[in-house]
Amino acid sequence: MTTSIVLHSKNKQQSTFNKNNMTALEFSTNLVGQQRFLEGYARQLTGNPDDAKDLTQETFLKALIHREKFVNQNNFKAWLYTIMKNIFINNYRRIKKENTIIDQTDDLYYLNISNSNSDTDPESMLNAKELENGINSLDADFRKPFDMYNDGFKYKEIADALNLTIGTVKSRIFYSRKKLMENMKEFGA
């Protein structure tokens, strides 16, 4: 319950403030009483029971740490849901940011490097050999721009080196990709 206390100053001005009468024990009791609802909401947010328990614990901890910021007893459940939602959003953003690769190198070199070692298995080696044969079967006029593009050259650099227009370079690279995809379909890849 919220109680209003009126204070009188020496010059007869009145000021009012609300005092939160909820004790630490009442707060904790109300918090534990909301656990079932919070766990359900956490499962909706995370889709994973273990993550939901972690989110509920983080919410409990944050609510206990910031107990003095709770001022309106009528909205205790909404206050807890807001804390949980904010924790979930912040965690999501943090994870998303951690998984973002920022490549500062020229031509985005590191983004094009594979992190897996799956290229050493026999099937991958066979597919790579088929792809290499497909590239080698392209006409020289199409293969050269395609190879340069795969080596990291930009369209303008390829056009300048081969004395072609940028449109012609893009067209030849597109045609080469299309031809390779048709060839790969024949091999069942």
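User: Which element holds Trp 79?

Analyst: Trp 79 sits in helix H4. A helix here is a DSSP run of H or I with at least four residues, a strand a run of E with at least two, and both are numbered from the N terminus. This is a predicted model, where local features need pLDDT of at least 70, side-chain atom pairs count only at pLDDT 80 or more, and totals for chains, interfaces and linings use all residues. Residues are numbered from 1 along each chain as its sequence is written, and side-chain values use heavy atoms, without hydrogens or water.

User: What makes a residue a contact of Trp 79, and which residues qualify beyond four places in sequence?

Analyst: Heavy atoms must lie within 4.5 Å. Phe 27, Ala 63, His 66, Arg 67 and Phe 70 pass that test, with neighbours within four places in sequence left aside. Ala 63 is 16 residues from Trp 79 in sequence, and their C-alpha atoms are 8.8 Å apart.

User: Why is Gln 34 called buried?

Analyst: Its relative accessible area is 15%. Buried means under 20%, exposed over 50%, partly exposed in between, with a 1.4 Å probe and protein chains only. Gln 34 therefore counts as buried. This residue lies in the loop between helix H1 (24-33) and H2. Beyond four places in sequence, Gln 34 touches Phe 76, Lys 77 and Leu 80.

User: Why does Leu 180 count as buried?

Analyst: Leu 180 has a relative accessible area of 7%, so it meets the criterion. Its place is in helix H8 (residues 166-186). Not counting residues up to four places away, it touches Leu 131, Gly 134, Ile 135 and Phe 146. Leu 131 is 49 residues away in sequence, yet 7.4 Å away from C-alpha to C-alpha.

User: Is Asn 163 buried or exposed, and why?

Analyst: Its relative accessibility is 72%, so Asn 163 is exposed. Asn 163 belongs to the loop between helix H7 (155-162) and H8.

User: What makes the backbone of Asn 163 notable?

Analyst: Its phi is positive, about 60 degrees, although Asn 163 is not a glycine. Most residues other than glycine have a negative phi.

User: What makes a pocket, and which residues line the second largest one?

Analyst: On a 1 Å grid over the protein atoms alone, a pocket is an open set of points where a 1.4 Å probe fits, with protein on both sides within 12 Å along at least five of seven lines; lining residues have an atom within 4 Å of a point. Leu 45, Thr 46, Asp 51, Asp 54, Leu 55, Glu 58, Phe 88, Asn 91, Tyr 92, Arg 94 and Ile 95 form the lining. Helices H2 (35-46), H3 (49-65) and H4 (76-98) each give two or more of them. H4 gives the most, with five residues.

User: How much space does this pocket hold?

Analyst: About 220 Å³. That volume is the space filled by probe spheres set on the points.

User: How much of the chain is buried, and what is its element order?

Analyst: Buried residues are 20% of the 189 residues. The elements run β-β-α-α-α-α-α-α-α-α from the N terminus, which gives eight helices and two strands.

User: Why read residues 1-20 with caution?

Analyst: pLDDT is the predictor's confidence in each residue, from 0 to 100. The chain averages 77, and 71% of the residues score at least 70. Over residues 1-20, pLDDT is below 50. Where pLDDT is low, the predicted coordinates should not be read in detail.
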